[in-house]
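Student: Could you take me slowly through one helix and its surroundings, and explain how it is packed?

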Amino acid sequence: MRPAVAWTGEAIEIIDQTLLPTEERVIRLRTVDDVVDAIQRLAVRGAPAIGVAGALGVLLTGGDRAAAERIAAARPTAVNLRWAVERVLASEDWTAEALAILAEDVEACRAIGAHGRAELAGASRILTVCNAGRLATAGIGTALAVVYAKAEAGERVEVFACETRPLLQGARLTAWELADAGIPVTVLPDGAAPALLARGAIDAVIVGCDRVAANGDVANKIGTYALAIAAHHHGVPFYVAGPRSTLDAATPTGAEIEIEQRDGGEVRAIAGLDVTTAVWNPAFDVTPAALITGLITDAGVLRAPFGPAIAGVL
Ligand code: MRU
């Protein structure tokens, strides 16, 4: 698989994720408008990947700070985006800094995989939601990095992927990239996850994250909170994987995380039906730290109390 996001020297190259799995089309983002549009329509998506795209996007601004702010504000929930844009703007050499952010993300993914593999040595049946894999980062992913590390080490591993309504990142993207890697994957309707946990069919839940507040509350794809509650009820460990760039010391708790609301049209069109009522379409939800077994970061696995653990690696 090609990298989800790369720099050609004059443009950002991404796989247009809105077309997967039907078509694997690579597109080039040459202007700030291209970058903002690609981030907003989820052609490039996943917190680390939009952070890298945002960092590289600054190189297309021609020094225009207002244009850089448009990129930083393209989506509100994943802290990586603003973090990356501001880091490039504050640096002496924008190109070097943006490329460093990309390289650090590749390395962070590798480290997350290694730490997660050591932590979850006995777990082979993994439940996840959305896509926190190669398509969501510049490297091998976060939640799925653990899966790839296991597979690479010759350990038995299989993934159960929640389809992730309404945009189907699980059914379209996680299933596609795992199949591409030869890793067994089973897609399930989001509502089936508690029943799967109840059957004892899952050893661990591993999800990605868009922002981790200072107290360990986690914003991630809508449906994550329901998975955490169900895992807790059934005594299944619930892990969140993410790089340190997703930890946000400036946001005290999950209550202060801005949750992106997306167009109701994403929900209205279901299997040929057109629902005409009002729609509530939050892209993310917040899982309280109390439901999280561990945060698998590139700096190691953090455990409760998460406040000091997070402060200790930033
Ligand atoms: O709306 P998306 O597809 O960008 O949402 C992505 C997620 O929720 C991921 O789990 C998160 O960004 C982590 S990706 C390594």
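Tutor: What follows is a close look at one helix and then at the core and the ligand shell. Please keep in mind that this is a predicted model. The helix to look at is α9, residues 224-233, whose buried residues are T224, L227, A228, A230 and A231. These residues cover an arc of only 165° around the axis, which means that they are on the same side of α9. The general background is that an α-helix has 3.6 residues a turn, so residues three or four places apart point the same way. Among the elements that cover the buried residues of α9 are α8 (193-198), β7 (204-207), β9, β10 (238-241) and β14 (284-287). Just after the helix, G235 takes a positive phi of about 65°.

One residue to follow from here is V205, which, leaving aside its neighbours within four places in sequence, is in contact with L127, L227, A231, V236, F238 and Y239. The largest nonpolar core has 102 residues, and among these A53 and V205 touch the most other members. Because domain 1 (5-105) and domain 2 (113-313) both give residues to this core, it lies between them.

The ligand, finally, is surrounded by 19 residues, of which R45, G46, A136, G208 and K221 are the closest. The elements that give two or more residues to this shell are α2 (47-58) and β9 (218-221), and each of domain 1 (5-105) and domain 2 (113-313) supplies at least three residues. By class, the shell around the ligand holds nine nonpolar, seven polar and three charged residues.

Note on methods: Residues are numbered from 1 along each chain as its sequence is written. This is a predicted model: local features need pLDDT of at least 70, side-chain atom pairs count only at pLDDT 80 or more; totals for chains, interfaces and linings use all residues. A residue is near a molecule or strand if its C-beta atom, placed from the backbone, lies within 6 Å of it. Helices (H or I, at least four residues) and strands (E, at least two) are DSSP runs, numbered from the N terminus. Ala, Val, Leu, Ile, Met, Phe, Trp, Tyr, Cys and Pro count as nonpolar, Asp, Glu, Lys and Arg as charged, and the others, Gly among them, as polar. Domain bounds come from an automatic or database domain assignment. A nonpolar core is a set of buried Ala, Val, Leu, Ile, Met, Phe, Trp, Tyr and Cys residues joined through C-beta atoms within 7 Å. A residue is buried if 20 or more other C-beta atoms lie within 10 Å of its own, exposed if 12 or fewer, and partly exposed in between; C-beta atoms are placed from the backbone. Two residues are in contact if their C-beta atoms, placed from the backbone, lie within 7 Å. The arc is that of the directions from the helix axis to the C-beta atoms.
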